[in-house]
Amino acid sequence: EDFLNLIFKAMMKDSLNSSHPVSSAVQSSEQIEEMFDALSYIKGASLLLMLKHYLTKDVFQAGIEVYLHNHKYGSAQSDDLWDSMNEITNGTLDVKKLMKTWILHKGFPLVTVVRKGKIISVQQEKFLYHMEPENWTSDESYLWHIPLTYVTSSCNFTHCTNAYLLDQKSGM
């Protein structure tokens, strides 16, 4: 419950146009200090939980083990974690491509789901809680790879999970 409260506080901060990506290049020690805030840590943790849910616990755990084994006694970059996950998924999913859309963009998407009969359509757009005109930037280039899970009458969360990766502005 405490973590969920922290997630909502981080999302509120991340929904402002003055937010920042989880990962970005820095030029000075001041910029480094600015990056290590609640947004980076809480959003980062949330993204890892999202990835764990999408890949499944066992696949995620195996990816973490490969990452730790490959980089013991050394340094690493975020791409090294994604590469380890890609190694475990055997090319069935480009984890690096998926996660870069989350860690290199500030903010998060709003996903709209519309049902017309048996047809379900989904659309994503950048969510902004409050637009600050002096800091406004266009969000046309923002596109997240969003793992969506869903249930049907023949498949619920207790015995199976359906998954869909929304990697375009809209899909069906």
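**Exercise 1. Contacts along the chain and overall make-up**

Task: For contacts in the protein chain between residues at least 6 apart in sequence, determine what percentage join residues at least 24 apart, and then describe which elements the chain holds and in what order they run.

Solution: Among contacts between residues at least 6 apart in sequence, 54% join residues at least 24 apart. This value, like the others below, is computed from a predicted model. Turning to the elements, the protein chain has 6 helices and 5 strands, and from the N terminus on they run α-α-α-α-α-α-β-β-β-β-β. As for cover, 32% of the 172 residues count as buried, while the chain exposes about 11300 Å², of which carbon and sulfur atoms supply 57%.

**Exercise 2. The open sheet**

Task: Work out in which order the strands of the open sheet lie, which strands form its edges, and which residues stand opposite V114 and V111 in β2.

Solution: Begin with the order, which is β1-β2-β5 for the 3 strands of this open sheet, with antiparallel pairing. The edges are β1 (109-116) and β5 (170-171), each of which pairs on one side only.

Next, take the pairings in turn. Strand β2 (residues 119-126) pairs with β1 in the antiparallel sense over 8 bridges; within this pairing, V114 stands opposite S121, and V111 stands opposite Q124. On the β5 side, β2 is joined by 2 bridges, again running antiparallel, and here V122 has G171 of β5 as its bridge partner.

Finally, look at the turn between β1 and β2: their hairpin has 2 residues between the strands, and G117 in this hairpin takes a positive phi near 65°.

**Exercise 3. Helix α5 and its cover**

Task: Compare the reach of helix α5 with the expected value, list its buried residues, and state which elements are included in what covers them.

Solution: Helix α5 (residues 78-89) has 12 residues, and from its first C-alpha to its last it reaches 17 Å, close to the 16 Å expected at 1.5 Å a residue. Its buried residues are D80, L81, W82, S84, M85, N86 and T89. The cover over these buried residues includes α3 (38-55), α4 (57-70) and α6 (95-103). Just after the helix, N90 takes a positive phi of about 55°.

**Exercise 4. Salt bridges between α5 and α6**

Task: For the salt bridges K100 with D79 and D83 with K96, find the N to O distances, and then decide whether each side chain is buried, partly exposed or exposed.

Solution: The principle behind both pairs is that side chains of opposite charge can pair when their charged atoms come close. In one pair, K100 and D79 meet in a salt bridge at 3.1 Å, N to O. This pair links distant parts of the chain, since K100 lies in helix α6 and D79 in helix α5, 21 residues apart. With a relative accessible area of 28%, K100 is partly exposed, and D79, at 22% relative accessibility, also counts as partly exposed.

In the other pair, the side chains of D83 and K96 meet at 2.9 Å, N to O. Here D83 is in helix α5 and K96 in helix α6, 13 residues apart, and the pair again links distant parts of the chain. D83 counts as partly exposed at 33% relative accessibility, as does K96 at 23%.

**Exercise 5. A salt bridge from a loop to helix α1**

Task: Explain why the salt bridge of D37 with K13 ties together separate parts of the chain, and classify the accessibility of D37 and of K13.

Solution: The closest N and O atoms of D37 and K13 are 2.8 Å apart. D37 lies in the loop between α2 (29-35) and α3, whereas K13 lies in helix α1, so the pair ties together parts that are 24 residues apart in sequence. Because its relative accessibility is 16%, and buried means under 20%, D37 counts as buried. K13, in contrast, is partly exposed, with a relative accessible area of 38%. In total, the structure holds 4 salt bridges.

**Exercise 6. A nonpolar surface patch**

Task: Identify which residues make the nonpolar surface patch of about 280 Å², and decide whether F8 is buried or exposed.

Solution: The patch is made by L4, F8 and M11. F8 is found in helix α1 (residues 2-14). Because exposed means over 50%, F8 counts as exposed at its relative accessibility of 51%.

Terms used: Residues numbered from 1 in each chain as written. Predicted model: local features only at pLDDT ≥ 70, side-chain atom pairs only at ≥ 80, totals over all residues. Heavy atoms only, no water. Pairing = 2+ DSSP bridges. Helix = DSSP H or I, 4+ residues; strand = E, 2+ residues; numbered from the N terminus. Buried < 20%, exposed > 50% of the residue type's maximum accessible area, 1.4 Å probe, protein only. Contact = heavy atoms within 4.5 Å. Areas by Shrake-Rupley, 256 points an atom, 1.4 Å probe, with all protein chains shown as cover. Expected span 1.5 Å × (residues − 1). Patch = residues over 30% accessible without salt bridge, like charges linked within 9 Å, V, L, I, M, F, W, Y side chains within 5 Å.
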